[in-house]
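Subject: The structure for you to look at

Hi,

Here is the structure I said I would pass on. Have a scroll through it first, then read my notes underneath.

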Amino acid sequence: MFSMLRLRRSRGPVDLALGMSGVRLGERLLQVGPGDPAFFAAAARKTGLTGQASAVVESAADCAALERAAARDGVLVEVAAVDRGTWPQPEASFDLAVIDGNYVLNLDAGWQSAVGAELRRVVRGGGRVLAIHRRPRGWGGFFG
């Protein structure tokens with residue numbers, strides 16, 4: 001018998017973020033900050049071999065975490081550990097930039113404006129910028 005009410009299992013935060021980003025095959029993706037390594041690897045998988053997935057982070061530990069997640073999923077990525085200066089990517093080279101909101105909110109105002117200037121430089125005209133802010137689940141998120 002057909003039921004009008006179907007229960008559906010939740011897809012999880014990574015699938016939700018992938019759906020929000022709208023990343024497609026052949027696009028050039030840039031992640032700013034460490035973010036969720038599982039999301040970065042899944043988004044790199046969606047860009048495919050015709051696209052590009054890159055990330056800019058501040059520390060070597062964040063760089064290693066993103067590279068491990070990509071290796072686990074079997075995708076090719078470029079991760080650069082940068083200081084508070086210009087990024088190694090050329091101008092207008094990305095279709096989509098995903099920003100780790102938690103990372104950017106913890107920066108001082110001068111570095112936040114530098115991140116904004118670099119985003120304007122590397123994202124092509126008509127490109128998209130998406131900020132994802134995570135908060136703890138459960139009681140910690142409720143009272144946090």
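Below is what I found, going from the overall layout to the strands, the cores, one buried residue and the open spaces.

**The overall layout**

Before anything else, keep in mind that this is a predicted model. The chain has 144 residues, and 38% of them are buried. Its secondary structure comes to 6 helices and 5 strands. If you walk along from the N terminus, the elements run α-β-α-β-α-β-β-α-α-β-α. Contacts often link parts of the chain that sit well apart in sequence: among contacts between residues at least 6 apart, 75% join residues at least 24 apart.

**How the strands line up**

A good place to start is strand 1, residues 28–32. Strand 1 pairs with strand 2 in the parallel sense, over 5 bridges. You can find this pairing at Leu30, which stands opposite Ser54 in strand 2. Strand 1 also pairs with strand 4, again in the parallel sense, this time over 4 bridges. Here the place to look is Leu29, whose bridge partner in strand 4 is Leu96.

Now carry on from strand 4. This strand and strand 5 (residues 123–132) make a parallel pair over 6 bridges. Phe94 has Val123 as its bridge partner in strand 5.

So how many residues of strand 4 are buried? The count is 7 of 7, across residues 94–100. Strand 2 is mostly covered as well, with 5 of its 6 residues buried. As a bit of background, in a regular strand the side chains alternate between the two faces of the sheet.

**The nonpolar cores**

In soluble globular proteins, nonpolar side chains tend to be buried together. In this model, the largest nonpolar core has 21 residues, and Phe39 and Val79 have the most contacts inside it. Several elements supply at least two residues each: helix 1, helix 2, strand 2, helix 3, strand 4 and strand 5. Which helix gives the most to this core? That is helix 2, with 5 residues.

Val79 is worth clicking on. Leaving out residues up to four places away in sequence, Val79 touches Phe40, Ala55, Val57, Cys63, Leu66 and Glu67. Apart from this core lies another one, of 17 residues, and among them are Val32, Val82, Ile99 and Val123.

Helix 2 (37–47) deserves a second look too. Its buried residues are Phe39, Phe40, Ala41, Ala42, Ala43, Ala44 and Thr47. Right after helix 2 comes Gly48, which has a positive phi, near 75°.

**One residue up close: Val122**

Val122 sits in helix 5. Is Val122 buried or exposed? Val122 counts as buried because its relative accessibility is 0%, and the cut-off for buried is under 20%.

Which residues surround Val122? Not counting residues up to four places away in sequence, Val122 touches Leu30, Trp87, Gln89, Pro90, Ala92, Ser93 and Phe94. Gln89 is a nice example of folding bringing things together on screen: Val122 and Gln89 are 33 residues apart in sequence, but their C-alpha atoms are 6.7 Å apart in space.

**The open spaces**

There is a pocket and a cavity to look for. The largest pocket has a volume of about 420 Å³. It is lined by 20 residues, and the closest to its centre are Pro13, Val14, Ala17, Ile132 and Arg134. Helix 1 (13–21) and strand 4 each supply at least two residues of the lining, and the largest share, 5 residues, comes from helix 1. By class, the pocket lining divides into 10 nonpolar, 5 polar and 5 charged residues.

As for cavities, the structure holds 1 of 30 Å³ or more. About 40 Å³ of space lies in the largest cavity. Its lining is made up of Val32, Gly33, Val56, Val57, Glu58, Val82, Trp87, Tyr103, Trp111 and Val115. Strand 2 (52–57) and helix 5 (109–122) are the elements that give two or more residues to that lining. The cavity lining has 8 nonpolar, 1 polar and 1 charged residues.

Write back if you get stuck finding any of these.

Cheers

Conventions: Residues numbered from 1 in each chain as written. Predicted model: local features only at pLDDT ≥ 70, side-chain atom pairs only at ≥ 80, totals over all residues. Heavy atoms only, no water. Buried < 20%, exposed > 50% of the residue type's maximum accessible area, 1.4 Å probe, protein only. Pairing = 2+ DSSP bridges. 1 Å grid on protein atoms, 1.4 Å probe; cavity = no way out; pocket = protein on both sides within 12 Å on 5 of 7 lines; lining within 4 Å. Points joined across faces, edges and corners; volume = space filled by probe spheres on them. Nonpolar A, V, L, I, M, F, W, Y, C, P; charged D, E, K, R; others polar. Core = buried A, V, L, I, M, F, W, Y, C linked by side-chain atoms within 4.5 Å. Contact = heavy atoms within 4.5 Å.
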